[in-house]
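Colleague: I'd like to learn how to read a few features of a structure with you. Could we start with charged pairs and work from there?

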Amino acid sequence: IEDVDQIRRLLPDWVPIAPWRWWIHIRQVYLPMSYIVSKGFRFPLTPLTRQLREELYTQPYSSINFASHRNSISPADNYYPKSMFLNVVNRLLVDVWQPYLRTNYIRRRAEEWTWDLIRHENENTDFSSLAPVNGPMNFLASYIHDGPDSYSVERHRQRMHDFLWMKDEGMLMNGTNGVQTWDTALLVQAVVAAGLAEDARWTPMLTKALEFLDDQQIRENCREQEVCYRQRRKGAWAFSTREQGYTVSDCTSEALKSVLLLQRLPGFPKLVSDERIKDAIDTLLTMQNASGGFASYEPIRGSQYLEYLNAAEVFGRIMIEYDYPECTTAVVTALSLFSRHHDPSYRKDEIEKTISRAVAWILKDQRKDGSWYGSWGICFTYAGMFALESLASVGRTYSNDARVALACKFFLDRQMVDGGWGESYKSCTDGVYTPHEKSQV
């Protein structure tokens, strides 16, 4: 991990393991981590940090040989053990690369390039960063490079509050700086689906939601987009806020659907122009994978063989993007709504081809028992709801399609005695549907 900065600097982009091919969360975490380690930064000991050392370890800090614990991990946390290949690579980096091959010139050039990518991340997210893992490390990298009194350090310090919140368990940290766009979009769609959107009582609330989505659409691409390996984002919506600034396929799709649904109803202002709606369509059309499916932040860039370099241990399938039925469905339904009810002529052939390939992938991804495995919720229930929505949007329903009927049977066979459904998180880890002990909303 600590030599990712050198790998970034030395490997040309065409190399199959080049970090730009990794999933965005992986490369944005290893980026500042490698910079900090390469700089050899150490904060001076204080009475507090000395006390923490005594509290956190089961033996005196000075007696611990940390290098000997490189692979020490609780069996309960070792969900995805490091591969033998990765262990060999790590050993070569430690025993050969660092002491004999990594010159000061290489180190300096790598640190300069790595810092430039961190700087782009700071600017493109207004220092909110992709998530609260790379965020604090970008904060520390800025402290090292720019100094404790710099604007970047002060702005990062302000941004840390976006992630923190208090509850009865104490202070916790969110996985993102919020779910604002995602939740707003789904709430709007729920109100519309319930037939309440034309009820005057809810017009003020829905108008505010539309104003929020209007405000949160990303209006421009990243500066030097190709230099920092970012996906097109003009017209997109992020998971949380515009300032966070990362295109997400399903968030863009769900927000776009909500805008289209409200702006075609009487009594609602047309805040998002046709041009901006088409910007969102243009971005979605850049995100389809060769398989026909859609991933999350960007199309798949690397091979699954990169999982042999997965050092996380607690997560599998994180080195690259993957096709997801949830993301694919969101795009299919957004493109279908746009073509049928907004502008049937705009990029007509491309949209039809995109939908056709996406639906074919959804059918291919269906398991023999009629289910789909989900990655962004729990788990077969979540993915099945999305997949069936996409199939319904192209006219494939229980009454006319055997694959849809099989999927419905999967759900019906798992209904609990009280009439509800409940699925355990164990479905996610085991890859097999696991019922919860009781029904869940």
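Modeller: Sure. This is a predicted model. Side chains of opposite charge can pair when their charged atoms come close. Here, the side chains of Asp95 and Arg91 form a salt bridge, at 3.4 Å from N to O.

Colleague: Where do Asp95 and Arg91 lie?

Modeller: Both sit in helix H4, four residues apart, which is about one turn of the helix. As for cover, Asp95 has a relative accessible area of 38%, so Asp95 counts as partly exposed. Arg91 is partly exposed too, at 44%.

Colleague: Which residue forms a salt bridge with Lys278?

Modeller: That's Asp343, and the closest N and O atoms are 3.5 Å apart. Lys278 belongs to helix H11 (residues 274-284), while Asp343 is in the loop between helix H12 (325-341) and helix H13 (348-365), so this pair ties together parts that are 65 residues apart in sequence.

Colleague: And is Asp343 buried or exposed?

Modeller: Buried means under 20% relative accessible area. Asp343 has 16% relative accessibility, so Asp343 counts as buried. Its partner Lys278 has 24%, and therefore counts as partly exposed.

Colleague: What about Asp401 and Arg396?

Modeller: Their side chains meet in a salt bridge as well, at 2.6 Å from N to O. Asp401 is buried, with a relative accessible area of 9%, whereas Arg396 is partly exposed at 27%.

Colleague: Which residues are joined into one network by salt bridges that share partners?

Modeller: Asp116, Arg119, Glu123, Arg223 and Glu224. For the whole model, the count comes to 31 salt bridges.

Colleague: Let's go to the surface. Which residues form a nonpolar patch there?

Modeller: To read a patch, you look at the residues in it and the accessible area they have together. Met84, Val88, Leu92, Val96, Tyr100 and Leu101 form this one, with about 650 Å² of accessible area together. Take Leu92, which is found in helix H4 (residues 84-101). The relative accessibility of Leu92 is 49%, so Leu92 counts as partly exposed. H4 is also the helix that holds Asp95 and Arg91.

Colleague: Now the spaces. How much space lies in the largest pocket?

Modeller: A pocket is open, while a cavity is a space where the probe fits but cannot get out. The largest pocket holds about 1,300 Å³. Its lining has 43 residues, and those nearest the centre are Trp23, Phe315, Ile318, Ser375 and Trp376.

Colleague: Which helices supply at least two residues of that lining?

Modeller: Helix H2 (24-39), helix H10 (249-263) and helix H16 (426-430). H2 gives the most, with five residues. By class, the pocket lining has 28 nonpolar, twelve polar and three charged residues.

Colleague: And how many cavities of 30 Å³ or more are there?

Modeller: The count is three. The largest cavity has a volume of about 100 Å³. Twelve residues line the largest cavity, with Arg27, Gln28, Leu31, Leu117 and Cys228 closest to its centre. The elements giving two or more residues to this lining are H2 and helix H5 (104-124), and H5 has the largest share, four residues.

Colleague: How does the lining of the largest cavity divide by class?

Modeller: Five residues are nonpolar, three polar and four charged. For the second largest cavity, the lining has six nonpolar, five polar and no charged residues.

Colleague: How much space lies in the second largest cavity, and which residues line it?

Modeller: About 60 Å³ of space lies in it. Among the residues of its lining are His25, Asn177, Phe239, Gln244 and Tyr297.

Colleague: One last feature, contacts between distant parts of the sequence. How far apart are Gln231 and Glu298?

Modeller: For this you set the separation in sequence beside the distance in space. Gln231 and Glu298 are 67 residues apart in sequence, with their C-alpha atoms 5.9 Å apart in space. Gln231 lies in the loop between helix H9 (203-216) and H10. Gln231 counts as buried, because its relative accessibility is 11%.

Key:
Residues numbered from 1 in each chain as written. Predicted model: local features only at pLDDT ≥ 70, side-chain atom pairs only at ≥ 80, totals over all residues. Heavy atoms only, no water. 1 Å grid on protein atoms, 1.4 Å probe; cavity = no way out; pocket = protein on both sides within 12 Å on 5 of 7 lines; lining within 4 Å. Points joined across faces, edges and corners; volume = space filled by probe spheres on them. Nonpolar A, V, L, I, M, F, W, Y, C, P; charged D, E, K, R; others polar. Patch = residues over 30% accessible without salt bridge, like charges linked within 9 Å, V, L, I, M, F, W, Y side chains within 5 Å. Areas by Shrake-Rupley, 256 points an atom, 1.4 Å probe, with all protein chains shown as cover. Salt bridge = Lys/Arg side-chain N within 4 Å of Asp/Glu carboxyl O. Buried < 20%, exposed > 50% of the residue type's maximum accessible area, 1.4 Å probe, protein only.
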